[in-house]
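Here is a friendly walk through one protein model, written for someone who likes to think in pockets, strands and contacts. Have the structure open beside you as you read.

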Amino acid sequence: MKFLELASKLKDKVENVYFFSGDDGYLKQTAYKLIKKATINSDFSDFNEIYFDNENWNVEKFIEAVNGLPFASEYKLVHVKNLEKISEKDKQEIQNCIDNIQPTTCLVIELNTNLKNLHGGEIIDCSNLDNATLVRYINNEVIKNGKKIEPAAINLIIDYCSQNMTKIISEIPKLVAFCGDEPINTDMVKSLVLPDEEFQIFELTEALGNKNKDKSIKLLQYMLEKKESALLSLVTNHFRRVAFCSLSDYSNEELAEMFDVKPFAILKARNQSKYFSKVQLKNILSLLEEVDFMIKSGQMQAENALYYLTFKILSC
């Protein structure tokens, strides 16, 4: 089930087990609030809402919580979030509780790599929303604040934030406070919104594909000045995705799962693969292996490797 379907579905039926997938924290938080509103009486939430994470995880208390009866409420709500440190035995106990869930319990589990094999619940997809939905959301939020925004500025916000609602909602108040009586425009976005590092990699790739040497070097220097962590790894991983999009027959969904990235990142990579021929991409993959070897063998520092990689791609 998509996140946007949840509110209407809850009006008809509350499921006993929900799994949250995807990596947009704002959507997960909003989905949980919707489920909470539909399941427990707010006057008695302290008695009927129980939360487990890495810090307080205890499998015996979890079993007790899931099997306990609610107090003055139709449901008891149990929320499992950010649970990384867990044994195989405990995972089996969670699955047993899911298989034998009480009709008066609503269990919400935020999936991660460690919990991805759990089954028996309704999956809520909290991946990034599509572009059209984000455009409507941003426009509506700006209008609510009595302001206006240019369409190009909306699209730039979405790109700068890599479609992530958590980041988008944190940037809108700044723009609303800054714009005064003027419509929010792209210059304001560029001044106030820090581009997501993923977006910066997209920009660098596009500049390299267009053989724009000046822009490529300017972007690289900007990222180095910002001391972006693992910058070489980000560049390398993105070019691998670009190459796979061009050279393989895998679908966007299969590639997203293969590389463990958002579908948005694969869509960007596929769009950017048009800037390079298949021969160029094969050469770039070989170049990435060469640079990786030179760094690991101590022949080249990471920063120098980035410049070397940039100039080689510009000339390939």
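## Strand 1 and its partners

In this predicted model, Phe-20 stands opposite Glu-110 in strand 4. That pair belongs to a parallel pairing, in which strand 1 and strand 4 are joined over four bridges. Strand 1 also runs parallel to strand 5, and four bridges join these two strands. Here Phe-19 is the residue to look for, as it stands opposite Ile-123 in strand 5.

How much of strand 1 is covered? Five of its five residues are buried, so the strand counts as mostly covered, given that buried means under 20% relative accessible area. In a regular strand, side chains alternate between the two faces of the sheet. You can follow this in strand 1: Val-17, Phe-19 and Ser-21 point one way, while Tyr-18 and Phe-20 point the other way, and all are buried.

## The sheet around it

Zooming out, strand 1 takes its place in an open sheet of five strands, ordered 2-3-4-1-5 with parallel pairing. Strand 2 (49-52) and strand 5 are the edge strands, each pairing on one side only. From one strand to the next, the twist averages 20°.

Helix 2 packs on this sheet, where it touches strand 1, strand 2, strand 3 (76-80) and strand 4 (105-110). The direction of helix 2 makes about 165° with that of strand 1.

## The largest pocket

Rolling a probe the size of a water molecule over the atoms shows where empty space is left. In this model the largest pocket holds about 960 Å³ of space. Which residues lie closest to its centre? Of the 21 residues in the lining, these are Ser-21, Gly-22, Ser-127, Asp-260 and Val-261. Ser-21 is familiar by now, as one of the buried residues of strand 1.

Several elements share the lining: strand 1 (17-21), helix 2 (25-39), strand 5 (122-125) and helix 13 (252-259) each supply at least two residues. Helix 13 gives the most, with three residues. If you are thinking about chemistry, the lining of the largest pocket divides into six nonpolar, six polar and nine charged residues.

## The second largest pocket

The second largest pocket has a volume of about 650 Å³. Its lining is made of 30 residues, and Asn-131, Gln-163, Phe-264, Leu-267 and Lys-268 lie nearest its centre. By class, there are ten nonpolar, nine polar and eleven charged residues in this lining.

Helix 10 (197-209), helix 13 and helix 14 (263-272) each bring at least two residues to the lining of the second largest pocket. Helix 13 thus serves both pockets, since it also supplies lining residues to the largest one. Which helix gives the most to the second largest pocket? That is helix 14, with six residues.

## Helix 14 and its surroundings

Helix 14 deserves a closer look. Phe-264, Ala-265, Ile-266, Lys-268, Ala-269 and Gln-272 are buried in this helix. The cover over these buried residues includes helix 7 (151-160), helix 10, helix 12 (231-247) and helix 13.

Gln-272 lies in helix 14. Why does Gln-272 count as buried? Its relative accessibility is 3%, and the cut-off for buried is under 20%. Beyond its neighbours within four places in sequence, Gln-272 is in contact with Phe-202, Thr-205, Glu-206, His-238 and Val-242.

One of those contacts, Glu-206, lies in helix 10. Glu-206 counts as partly exposed because its relative accessibility is 35%, which falls between the 20% and 50% limits. Leaving aside neighbours within four places in sequence, Glu-206 is in contact with Gln-272 and Tyr-275. Glu-206 and Tyr-275 are 69 residues apart in sequence, but 7.4 Å apart in space from C-alpha to C-alpha.

## The chain as a whole

The protein chain has 16 helices and five strands. Its C-alpha trace spans about 70 × 55 × 35 Å along the principal axes. Of its 316 residues, 44% count as buried.

Contacts that bridge long stretches of sequence also show up in the totals. Among contacts between residues at least 6 apart in sequence, 73% join residues at least 24 apart.

Definitions and conventions. Residues are numbered from 1 along each chain as its sequence is written. This is a predicted model: local features need pLDDT of at least 70, side-chain atom pairs count only at pLDDT 80 or more; totals for chains, interfaces and linings use all residues. Side-chain values use heavy atoms; hydrogens and water are left out. On a 1 Å grid over the protein atoms alone, a cavity is a set of points where a 1.4 Å probe fits but cannot get out, and a pocket is an open set with protein on both sides within 12 Å along at least five of seven lines; lining residues have an atom within 4 Å of a point. Grid points are joined across faces, edges and corners, and a volume is the space filled by probe spheres set on the points. Ala, Val, Leu, Ile, Met, Phe, Trp, Tyr, Cys and Pro count as nonpolar, Asp, Glu, Lys and Arg as charged, and the others, Gly among them, as polar. Two strands pair if DSSP finds at least two bridges between them. Axes are lines fitted to C-alpha atoms, for helices over the stretch in contact, and angles run from 0 to 180 degrees between N-to-C directions. Contact means heavy atoms within 4.5 Å. Buried means under 20% relative accessible area, exposed over 50%, partly exposed in between (1.4 Å probe, protein chains only).
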